[in-house]
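Dear colleague,

Please find the structure below for your consideration. A summary of what was found in it follows.

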Amino acid sequence: MFEYELHQIRSAELIREAQNHRLVQEALRGRRAARRAAVRESGQNDTEGQSHSGRPRRHRFARAA
């Protein structure tokens, strides 16, 4: 009987964790969609080729010695 109660508690805990995970993923999708919409509205749609960081890109080939 004790094992069954532990199983029920663990099952309820996993269901809560899954619900929280789904909620977080939905919020992230909403934030990404809002960010994309803001970029579209601002007209800055030329993000192709830009990196996410502010660092300059590395040279393609190493310098000759």
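**Findings**

The protein chain has one helix and zero strands as its secondary structure, where helices (H or I, at least four residues) and strands (E, at least two) are DSSP runs numbered from the N terminus. This is a predicted model, in which local features need pLDDT of at least 70 and side-chain atom pairs count only at pLDDT 80 or more, while totals for chains, interfaces and linings use all residues. Residues are numbered from 1 along each chain as its sequence is written, and side-chain values use heavy atoms, with hydrogens and water left out.

Helix α1 covers residues 2–42. Its 41 residues should span 60 Å at 1.5 Å a residue, and its end C-alpha atoms are indeed 60 Å apart; the expected span is 1.5 Å times one less than the number of residues. After α1 comes Gly-43, with a positive phi near 80°.

Of the 65 residues of the chain, 0% are buried (buried is under 20% relative accessible area, exposed over 50%, partly exposed in between; 1.4 Å probe, protein chains only). The chain has an accessible surface of about 7,000 Å², 52% of which belongs to carbon and sulfur atoms (Shrake-Rupley method, 1.4 Å probe; for residues, only the protein chains shown count as cover).

The structure holds one salt bridge, defined as a side-chain nitrogen of Lys or Arg within 4 Å of a carboxyl oxygen of Asp or Glu. Glu-13 and Arg-10 form this bridge, their closest N and O atoms lying 3.1 Å apart. The two residues are three apart in α1 and therefore separated by about one helical turn. Glu-13 is partly exposed at 30% relative accessible area, as is Arg-10 at 42%.

Two surface patches may also be of interest. Phe-2, Leu-6 and Ile-9 form a nonpolar patch with about 330 Å² of accessible area together; Leu-6, in α1, is partly exposed at 45%. Patch residues have over 30% relative accessible area and no salt bridge, with nonpolar side chains (Val, Leu, Ile, Met, Phe, Trp, Tyr) joined within 5 Å and like charges within 9 Å. Arg-29, Arg-31, Arg-32, Arg-35, Arg-36 and Arg-40 gather in a patch of positive charge.

Yours faithfully

Key
Lys, Arg positive; Asp, Glu negative; His and termini not counted. Charge placed at Lys NZ, Arg CZ, Asp CG, Glu CD.
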